[in-house]
Amino acid sequence: MTKVSVELIKDGDYLAEDVFTSRGSLLMEKGRVLTLREKQVLKAFLIFEVSLVSDKTESASSHTEEGVRPSLALKAFQAEYNDLLEFVRKLFQTAEAGGMLPILEVRSRLETVLQHIDQYHPMTANYPTPIFEYLFHHSIRVSLSSYLLAKWHGISEKDHLPIALAGLLHDIGSVRVDHRLLDKEASLMNQEMEAVKKHTVFGYQILKQVSGLNEGTKLATLQHHEKENGSGYPLGIKGEQIHPYSKIVAIVDTFHAMTSDRNHKKGISPYLVLEHIFNESFGKLDPELVQTFIHRVTSFHTGTKVILSDKRVGEIVFTDRAQPTRPWIKIDGDIVNLALVRSISIQEVLSE
């Protein structure tokens, strides 16, 4: 057992002892596998040192208590996620070079990650990643969240994987957009924005002749920026003209794009983004899908730790289904009803 500074924690380190908050609540259990997310949580709770297991092999084999298993499952998910990330990098390079896409391998690798979907949550998925890798992480997050939304909304199981594929490939047309525009730190000019919007057409052109993908998956690349009232692009279609897969991807794409750090902007609180998506359901996004998405992603257990926009750390104690983005938060024994205190919002969900 070794006592180390939180700053020195490496991905894959194991906790040798339980970690408690200053008020005596269990924060992390002995044997937990540590990642960047856990490191951020420890810092948020002003914990500066932890005890780590010196022999990780021994830890992995000997810590079999019930409380450790979720951490090991999370580690398995992260390993599969990283493998898919490396594959998506190469896949997009193949698309950029005009090569043939290995769709059977795409399906197989995505199915492997989906086996661990219970370790994934859209609200905690946007952990910090290198800006230059935004496109690849975004594609995977949209894929996994689209899969979940399809399940949550009761869509036929046969459509779940095609919808996940639609999410994974929805931005593949970006490889044919001038990289200088995608990497630009300032806001795009109108002419530049029109050039970026062409990624939808480029994506459909890349996929339209690919066998092994159904038409809905292909159409999602073309239609994920269309709006219910016809104000979207590239075709300006509306309502039932938009494929159901595209409607799912549109919601999830909006959520992850707005909550992620980009070259030209910082990510926004996921709860504020959900409020934006709710407002968009009045004419732009499918209202029933939006209702399902907001209801399910805010259904956290009581005690879920969060960071507020004023940097205070608290825990969710009650969520009013009429205002799911504005739960009650317990902070040092006091209750803050965010439905009444509109100047404060949840900045980040730390753990469930």
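In this predicted model, Asp332 sits in the loop that joins β7 to β8 (334–337). Although Asp332 is not a glycine, its phi is positive, at about 50 degrees. With a relative accessibility of 58%, Asp332 lies over the 50% cut-off and therefore counts as exposed. A similar description can be given for Lys311, which is placed in the loop between β5 (305–308) and β6. Lys311 is not a glycine either, and its phi is positive at about 75 degrees. Its relative accessibility is 61%, so Lys311 counts as exposed.

The loop between β6 (313–318) and β7 (328–331) offers a buried residue, Thr319. Thr319 has a relative accessibility of 17%, which is under the 20% cut-off, so Thr319 counts as buried. Once its neighbours within four places in sequence are set aside, Thr319 is in contact with Thr298, Pro324 and Pro327.

Another threonine, Thr292, belongs to helix α13 (residues 287–297). Here the relative accessibility is 15%, and Thr292 therefore counts as buried. Leaving out neighbours within four places in sequence, the contacts of Thr292 are Leu149, Trp152 and His153. Among these partners, Leu149 and Trp152 fall within the residue range of helix α5 (134–152), to which the description now turns.

Helix α5 is built from 19 residues and spans 26 Å between its first and last C-alpha, close to the 27 Å expected at 1.5 Å a residue. Of these 19 residues, 17 are buried, so α5 is largely enclosed by the rest of the structure. After the helix comes Gly154, with a positive phi near 80 degrees.

One partner of α5 is helix α6 (residues 160–169): the two axes come within 7 Å and cross at roughly 150 degrees. That angle is over the 145 degrees required, and α5 and α6 are therefore roughly antiparallel to each other. The crossing of α5 past α6 is right-handed. On the α5 side, the contact is made by Ser139, Ile140, Val142, Ser143, Ser146, Tyr147, Ala150 and Lys151. The α6 side supplies His160, Ile163, Ala164, Gly167 and Leu168. Sorted by class, the residues of this contact are seven nonpolar, five polar and one charged. As helpful background for reading such lists, an α-helix has 3.6 residues a turn, so residues three or four places apart point the same way.

A second helix pair is formed by α10 (residues 215–223) and α11 (residues 244–259), whose axes come within 8 Å and cross at roughly 50 degrees. This angle makes α10 oblique to α11. As α10 passes α11, the crossing is right-handed. From α10, the contact draws on Gly216, Thr217, Leu219, Ala220 and Gln223, while α11 provides Tyr245, Ser246 and Val249. The residues of this contact comprise four nonpolar, four polar and no charged.

The loop between α10 and α11 also holds Pro234. The peptide bond leading from Tyr233 to Pro234 is cis, with omega near 10 degrees.

Terms used: Residues numbered from 1 in each chain as written. Predicted model: local features only at pLDDT ≥ 70, side-chain atom pairs only at ≥ 80, totals over all residues. Heavy atoms only, no water. Helix = DSSP H or I, 4+ residues; strand = E, 2+ residues; numbered from the N terminus. Expected span 1.5 Å × (residues − 1). Buried < 20%, exposed > 50% of the residue type's maximum accessible area, 1.4 Å probe, protein only. Axes fitted to C-alpha atoms, helices over the stretch in contact; angles between N-to-C directions. Parallel < 35°, antiparallel > 145°, perpendicular 65-115°, else oblique. Left-handed = near helix turned anticlockwise from the far one by under 90°. Contact = heavy atoms within 4.5 Å. Nonpolar A, V, L, I, M, F, W, Y, C, P; charged D, E, K, R; others polar.
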